[in-house]
Structure formats: C-alpha cells, structure tokens
Amino acid sequence: MAIVGGGVTGCACAHVLAQAGKRVRVFEAREVAGGASGRNGGFALRGGALAYDVARRDLGADRARALWELTERYLDRLEELAGDAFRRTGSLRLATDASERAELEAECDALRDDGFAVDWREELPKPLAGRFDGAIFHPRDGSLQPARWVRRLAARAVEAGADLREHEGVGSLDELEAEQVVIATDGYTSGLLPELDAAVKPTRGQVVVTEPLERRLFPCPHYARHGYDYWQQTPGGRLVAGGFRYKALDHEYTAEEATTPLIQGYLEQFVAELVGEDARITHRWAGLFGTTVDRLPLVGPLPGRDGVWVSAGYSGHGNVMGLACGELVGRAILGEQVPELELFEPSRLLPA
Ligand SMILES: Cc1cc2nc3c(=O)[nH]c(=O)nc-3n(C[C@H](O)[C@H](O)[C@H](O)COP(=O)(O)OP(=O)(O)OC[C@H]3O[C@@H](n4cnc5c(N)ncnc54)[C@H](O)[C@@H]3O)c2cc1C
C-alpha cells in the first residue's frame, strides 16, 4: 500500500495500516510535517469549517451531530497519542461585532440544545474587553505543537512497521506499484489527478510568531472574524498569530507557499495592537490548506479509479479531522465498515 503525503493524514493512515500488519510505504516530497501539518496555528478544535447551527441546516441534524461527535472522539484520540504536544486548554471563539455576536449566540444555542459542552463568555478579560463583543468557550478543544505532534505520530507509524520515504515526491500515480494508494496531500494536491485539482482548491495561510512576551495573556487558542484571525500563546510565551486572508481573498487562493508584505503587515499591526507592546517578530511563514466548495473534506475511494483513495480538503480544519479521516480511510482499506465516511463521500463533488 502506498500513501502520498507525510502530514497528519498520511501518518495517521500509515499508523493504522502498519499496526494491522500491512506493508505500507509513505512518500513525502519534503519532510514529515513539511506541509500544513507543521505550519498551522495549532488549534485542535471539534467540528469542521462550518458553524454547528449552519452544519445542522446544511447537512441535517443527525449528520451534523455525527460529525461533531466524531471530532470530539478524535480530540480524545489526539490526547492519547500526542503526549506533551497537546494541551487540553479549551478554545475561545470571539465575536468581532454585533452581527458576528448574533451568529455565535445561535451556534452556542444549537450546541447546547444538542448536549455539547459549551459556555457563553460575556465578560472578557484584558486585552479582549472592548475589542470583542462576547465569545463562545469550547471547553473540550485544545492546543497543539503541530510539527512535534505529527513527527511523533510518524515515529509511531514507523515503529509499527511503516516505511517512510522523505524527499521522495510522487510525480504520477503510475509510478506506484501498490494495489491501494491513498492521496493525503490536502492543499498540496496540485498535479496528481485533474479531478482533485478541480475539487480541492489550494488556499494560503500566513503566520507570524513573536519573541516571548513578558505577560501571559492568552491561556488558550483564540479566533475571531469567522475564524479568519487566530492567535495563541505558546507555553514559552511567544504569540503565534495568523489570518487576515480576507484582506486579499482572491490572491490567497494560490499554491504559492510564500509570505506577502500585505498580509504580513496586517498581522504585525494586529499583534502590536493586541499585546500593546512592541513585540519583535522572530518567525514568519506561509502554508497551504485545501478548501472544497461545501467546506467538508473528500474522504474515501475516488470514483472511477480502482484502488485509489483520497483524504483531503479539510478547509482549514485538518488537525483533528486529518487524524480522524486518515484513520477512517485506513480502517476502510482494512475492510471494516466505516459509517462515518458517508459524511465525506468524494462522489458528491467528484462525479465518476
Ligand atoms: C497557516 C495555516 C494554519 C492552519 N491552522 C489550522 C489550525 O489551527 N487548526 C486546524 O485544524 N487546521 C489548521 N490548518 C489546516 C491544517 O494544517 C491542514 O488541514 C492539515 O495539516 C492537513 O494535513 P494533511 O496531512 O492532510 O496535509 P499536509 O500536512 O499539508 O501534508 C501534505 C503533504 O503532502 C506532500 N506532498 C504533496 N504532493 C506530494 C507528492 N506528489 N509526492 C509526495 N508528497 C507530496 C507535501 O509535501 C505535504 O507534506 C492550517 C493550515 C495552514 C496552512
């Protein structure tokens, strides 16, 4: 069996297959976690890219609940596997203005009605007070050191017998002799199969990191403006902040993995205002994630391609979903019935 992509998805899938005694080889063009899995904001959130009430409306109540329950189970799985690369901090989803506040209140009500743990935060501490208008606290979410986590997962897969080939890019699926192939390349999918290129749009995210701040301001991951802007403070005190894609949306749908002065400028200004001190930026980078038109990933067998599977298109929410979907695909390849895959059926966006 062959897996293309050594991020969280590919490593999770390889881990399951190798543990079941299968011969599995992972091809990674760069290094493990060289893609989005090592470049992301480190938010480990339940759910997907849709708000819960929107998911209930668009997917139906049962499927929305199934998706949220799946990701809650996989937050527990992440905690079990990730060791000190994961902290169960909760996450704070902030309203930027009155209209976003109304949306968050509706989401909070929907979650509560369906029995999911959730808190509304009216009083916000400094430096959030006056800047944001209420927030949802999701107590079961967490914070990741993403590259450390995925390297650890890769090491588990190798221990179980997987053959991990770094710096071995796959130019075409014809090169692979495996009976089953899994494409786990999320936003870096370009060029392997035309139908995937059409369905999974590369989307760029940019990040800045400050030197350690003097004060501990943010005990958990924070995100605002419909999730576009996000930040968290690492255990060592650095602020990691990303977002502002909405300032140049068309431009940020790109497969070019490079920072831009425009978005970096917004991020720097935002960080300076938020922390109220002149915090030096020490690191900056860009990464790609894959977006689909309905903001759900494509996970399962590819229509019309015998033995080819995909798990990609998490639309910016691949930390927990990537672990879940990588494992689900592995279990399906092993012949298990995996009812959760119905949520992500590739044929909905990829007609045969
Ligand atoms: C800046 C940024 C911030 C984000 N923040 C969050 C967040 O806070 N929370 C969250 O849940 N999600 C977040 N995401 C999304 C999340 O990081 C991804 O959805 C997730 O990491 C996808 O994992 P993956 O293993 O599927 O893909 P990736 O980690 O992208 O791995 C794909 C790998 O495939 C390799 N590859 C591609 N083509 C080939 C080929 N032909 N041959 C061999 N190898 C190949 C690439 O080199 C890459 O390493 C963010 C993404 C970015 C870019």
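In the predicted model examined here, residue F86 is paired through a bridge with L144, which belongs to strand β8. This pairing forms part of a small set of contacts between strands β4 and β8, the latter covering residues 142–144, since two bridges join these antiparallel strands. Together with β3, they make up an open sheet of three strands, in which the order is β3-β8-β4 and the pairing is antiparallel. The edges of this sheet are occupied by β3 (43–44) and β4 (86–87), each of which pairs on one side only.

A further open sheet contains six strands, arranged in the order β9-β2-β1-β10-β17-β16, and its pairing is mixed. Strands β9 (163–166) and β16 (298–301) stand at the edges of this sheet and have a single partner strand each, so that one side of each is left without a neighbour in the sheet. When direction is ignored, neighbouring strands of the six-stranded sheet are turned against each other by 15° on average. At the β16 edge, the partner strand is β17 (residues 308–312), which runs antiparallel to β16 and is joined to it by four bridges. Within this pair of strands, G300 has V310 of β17 as its bridge partner. Helix α9 lies across β16 and β17 as well as β10 (181–183), and it runs at about 165° to β17.

The ligand is surrounded by 36 residues, of which T9, E28, S37, V170 and N319 come nearest. Several polar backbone atoms of the protein face atoms of the ligand at short range, as follows. A polar backbone atom of V170 is placed 2.8 Å from a nitrogen atom of the ligand, and a polar backbone atom of G316 is likewise found 3.1 Å from a ligand nitrogen atom. In the case of N319, a polar backbone atom is 2.9 Å from an oxygen atom of the ligand. Taken alone, the ligand exposes 1,000 Å², and the protein buries 95% of that area. Two or more residues of the surrounding shell are given by each of the elements α1 (8–19), β2 (25–28), β11 (201–210), β15 (281–291) and α9 (318–333). The largest share, amounting to three residues, comes from β15. With respect to residue character, the shell divides into 14 nonpolar residues, 17 polar residues and five charged residues. Two of the elements described above therefore recur in this setting, β2 being a strand of the six-stranded sheet and α9 being the helix that lies across β10, β16 and β17, while both contribute to the shell around the ligand.

Two features of the backbone were also noted in loops. The peptide bond that joins K126 and P127 is cis, with omega at about 0°, and P127 is found in the loop that lies between β6 (119–121) and β7 (135–138). In the loop between β12 (222–224) and β13 (229–233) is the place of R225, a residue that has a positive phi of about 50° although it is not a glycine.

Technical notes. Residues numbered from 1 in each chain as written. Predicted model: local features only at pLDDT ≥ 70, side-chain atom pairs only at ≥ 80, totals over all residues. Heavy atoms only, no water. Near = heavy atom within 4 Å. Polar contact = N/O pair within 3.5 Å; in protein donor to acceptor, adjacent residues only side chain to side chain. Areas by Shrake-Rupley, 256 points an atom, 1.4 Å probe, with all protein chains shown as cover. Nonpolar A, V, L, I, M, F, W, Y, C, P; charged D, E, K, R; others polar. Pairing = 2+ DSSP bridges. Axes fitted to C-alpha atoms, helices over the stretch in contact; angles between N-to-C directions. Contact = heavy atoms within 4.5 Å.
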